[in-house]
Each structure stands twice: as C-alpha cells, then as structure tokens.
Amino acid sequence: MEFRENEAIYLQIAAYISEHILLGKWAQDDKIPSVRELAVQLEVNPNTVVRAYEYLQNKEVIYNKRAIGFYTTADAAKKIKAYSRERFLGQELPELFRNMYLLDINMDELEKRYQLYISENYQ
C-alpha cells in the first residue's frame, strides 16, 4: 500500500479496511486480520493499526471479541457509506468542482471518464 503524505496513516488504513468491506471482501460478522497481521502486511507499526481499528470501532464498523479478534458489524457497509458520503460531499466534491471549473472540464467529459474508470476497475 502506498501512503499519501497529506493524510494520517491510520485514516488511510481505516479507508483500506472500509474499501475491503464495501467491495465484499469482508462480509458482515467476518473476522478481519489481526493487528499484527495487518501491520506486517502493510509494513506499518502495530500501534498505527490499533489506532485505525479504534477509529473504525468508534464509527461502529468493526467490533472486538475479546481475545478472539476484530469482526465487521452487521451494518458495516451502511455505516461506511453514510460517513464516507458525508465527507465526500462536504469536502472532496467542492474541491473537484473547483478544479473542474478552473480547468474547464465539463460534466460530459467527467461522465465519460467515470464510465471508463468503472468498466476498467469494477467489472
């Protein structure tokens, strides 16, 4: 995983886990990798993964079965979509619109590129 400099690593890990849940790689009540497993896989400090897991627990996306591990909640995908949608619409979309305006990109071009992206990455 390539980490971006403009966002905390634990938030990027939380987004990585959220994406896996939204893509159906981890379904409701599935066990997710342990802190150590994910830290090794992503080559980060285990404390960073702990922070990501705490963040997702606070968002009610995962829960901890003491001494067993972390699991996705029954409505994890719904919760992820709700908070991610709010963040996207409030923060990222205005920035996208600003850039579209400044670069003279119209909605038709955006729609074509969006459809191309979907066909290349999700089908």
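I started with Asp29, which sits in the loop between helix 1 and helix 2. The model is a predicted one, and I kept that in mind throughout.

**Asp29.** I looked up the backbone of Asp29 and found a positive phi of about 65°, although the residue is not a glycine. I then asked whether Asp29 is buried, partly exposed or exposed. Its relative accessibility is 38%, so I noted Asp29 as partly exposed.

**Ala67.** I went on to Ala67, another residue other than glycine with a positive phi, here near 70°. I located Ala67 in the loop between strand 1 and strand 2. I put Ala67 down as exposed because its relative accessibility is 85%, and the cut-off for exposed is over 50%.

**Hairpin.** The loop with Ala67 belongs to a hairpin that has three residues between strand 1 and strand 2. I read off strand 1 as residues 62–65 and strand 2 as residues 69–72. The two strands pair in the antiparallel sense, over four bridges. Which residue of strand 2 stands opposite Ile62? I found Thr72 there.

**Order of elements.** I counted five helices and two strands in the protein. Read from the N terminus, I get α-α-α-β-β-α-α.

**Core.** I next looked up the largest nonpolar core, which holds 23 residues. Which of its residues touch the most other members? I listed Ile13, Ile17, Leu38, Val49, Tyr53 and Val61. At least two residues of this core come from each of helix 1 (9–22), helix 2 (35–42), helix 3 (46–58) and helix 4 (76–103). Helix 1 gives the largest share, six residues.

**Val49.** I picked Val49 out of the core and looked up its contacts, leaving aside neighbours within four places in sequence. The contacts of Val49 are Ile13, Val35, Leu38, Ala39 and Val44. Two of these names, Ile13 and Leu38, I had already entered among the core residues that touch the most other members.

**Whole chain.** I noted 123 residues, of which 28% count as buried. The C-alpha trace spans about 55 × 30 × 25 Å along its principal axes. For contacts between residues at least 6 apart in sequence, I found that 51% join residues at least 24 apart.

**Surface and charge.** The protein exposes about 9,100 Å², and I recorded that carbon and sulfur atoms supply 50% of this area. I also looked up the charges, 16 positive and 19 negative. The mean positions of the two sets are 6 Å apart.

Definitions and conventions: Residues numbered from 1 in each chain as written. Predicted model: local features only at pLDDT ≥ 70, side-chain atom pairs only at ≥ 80, totals over all residues. Heavy atoms only, no water. Pairing = 2+ DSSP bridges. Core = buried A, V, L, I, M, F, W, Y, C linked by side-chain atoms within 4.5 Å. Buried < 20%, exposed > 50% of the residue type's maximum accessible area, 1.4 Å probe, protein only. Contact = heavy atoms within 4.5 Å. Areas by Shrake-Rupley, 256 points an atom, 1.4 Å probe, with all protein chains shown as cover. Lys, Arg positive; Asp, Glu negative; His and termini not counted. Charge placed at Lys NZ, Arg CZ, Asp CG, Glu CD.
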